[in-house]
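Thanks for coming, everyone. I'd like to walk you through a model that's new to most of you, so let me put it on the screen.

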Amino acid sequence: MTSDRPSKQNLWRPYTQMRVAAPPLKAVATLGSRIMLANGRELVDGIASWWTAVHGYNHPHIARAVADQLARMPHVMFGGLTHAPAERLASRLAALLPGDLDHVFLSDSGSVAVEVALKMAAQMWLNRGVSGRTKVLAFRGGYHGDTMGAMSICDPEEGMHRRFGAYLPSQVFCDLPRSLAETEALDAALAANRETLAAVIVEPLVQGAGGMVLHPPDVLATVARLARRHGLPLIADEIFTGFGRTGSLFACEQAGIVPDILCLSKALTGGTMALAATIARTEVFEAFWSEDPAAALMHGPTFMANPLACAAANASLDLFETEPRLKQAGAIARRLADELSGLKGLPGVADVRVLGAIGAVQFAAPPDLAALKTGFLDRGVWVRPFGDIVYLTPALTIPDADLDRLIEAVVGVVSERAAALA
């Protein structure tokens, strides 16, 4: 205990060293792409509330759906009971997803969706009478969540969870197969560990929290092909990439693949409520189809399939059907590609990359993050650089003027840093 300990630190904030961190900004309202602060300022949100608010904040259609559901039934346990919002959502997701991804398990966060996927894969083998398949092959640079199982498949060296290595299950890691040598190495690792592997997991097209690192669809197709060759289920973690962020409704579509298990969360409810989904193909589901109670999927969060969250998700899907979200994502992609490209080659800038409504500037060396954050706040935008990147993932509905402001802020802050290094 230190003598300078504050008298009150009731609220413990995420990813924050509480002893030295500056006080957080106090938000009091949101609207569209704006966050209103208690001090009267408005900030243009460049990251859509950790990539969730794809329709912007406070969309009236979602708000009405949640209010109506709240008046009728805010929650009911899902053990032994069911309800229309969950049934409708499961049916709609199955219809939207490729192939026979027809079996939807609803939980309450992205990390839990990944935990459920890992459990599905492991228990599938047990239900088939196969033991010893306790590991997962994951990719370096990846991030899949903060819970213990999810942490074990995050990047083991550079990821934020590396300090927990002694506590975590041992997994198998490879580089994404961007070259012939990496493809051969992945094939060899799958062959060498085949009898102990339960599944392969990948973030399709973008390793988000790993640094907005992109890979083309053919790399994803190679991962799917090799997983199939070795008889292993492929888990696609689309928690970040799902619902239009990469320019298609789901990133897997761009590679023409159907994963065996797919995870969704974040934008599932349009950033309104906590909800996640783990969706399995029929072949996976059939391993649990039995008269033996022990063969049932052994998972059941208390607030799974929360009716309020399901109502929000159904309303969000309505908006994808009735409003031009994918067209809007394409327009954002063009703007980001055109206007961030001028940063390439500046002193200290290693790369500029864009995919869908994702734009990232990578520095050659880790920058002074506090200084960058201050620069963005001074320009009236909410942008949160991390590691060695500055990135934008705005709402797909962002007005042109707000997108202009975000791009101008990124160009200005990065250019000032480059000038200081020159």
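I'll go through the cysteines, then two helix pairs, then one loop residue.

First, some housekeeping. This is a predicted model, so local features need pLDDT of at least 70 and side-chain atom pairs count only at pLDDT 80 or more, while totals for chains, interfaces and linings use all residues. Residues are numbered from 1 along each chain as its sequence is written, and side-chain values use heavy atoms, with hydrogens and water left out.

Okay, cysteines. How many disulfides does the structure hold? Zero, where a disulfide is a pair of cysteine sulfur atoms within 2.5 Å. Take Cys263: its nearest cysteine sulfur belongs to Cys252, 10 Å away. For Cys310, the closest cysteine sulfur is in Cys263, and at 17 Å that's too far for a bond. Cys263 is buried at a relative accessible area of 0%, and Cys310 is buried too, at 0% relative accessibility. Buried means under 20% relative accessible area, exposed means over 50%, and partly exposed is in between, using a 1.4 Å probe and protein chains only.

Now the helices, which are DSSP runs of H or I, at least four residues, while strands are E runs of at least two, all numbered from the N terminus. Helix H2, residues 60-72, and helix H9, residues 307-322, have axes that come within 8 Å and cross at roughly 150°. Axes here are lines fitted to C-alpha atoms over the stretch in contact, and angles run from 0 to 180 degrees between N-to-C directions. So H2 and H9 are roughly antiparallel; the cut-offs are over 145 degrees for that, under 35 for roughly parallel, 65 to 115 for roughly perpendicular, and oblique for the rest.

Who makes the contact, meaning heavy atoms within 4.5 Å? On H2 the residues include Ile62 and Leu70, and on H9 they include Pro307 and Leu319.

Second pair: helix H6 (residues 180-192) and helix H7 (residues 217-229) have axes within 10 Å of each other, crossing at roughly 25°. That makes H6 and H7 roughly parallel. Among the contact residues are Thr183 and Asp187 of H6, plus Arg225 and Arg229 of H7.

Last stop, Arg41. You'll find Arg41 in the loop between strand E2 (34-37) and strand E3 (42-45). Arg41 is partly exposed, at 35% relative accessibility. Leaving aside neighbours within four places in sequence, Arg41 contacts Ile35, Met36, Leu377 and Gly380.

Definitions and conventions
Contact means heavy atoms within 4.5 Å.
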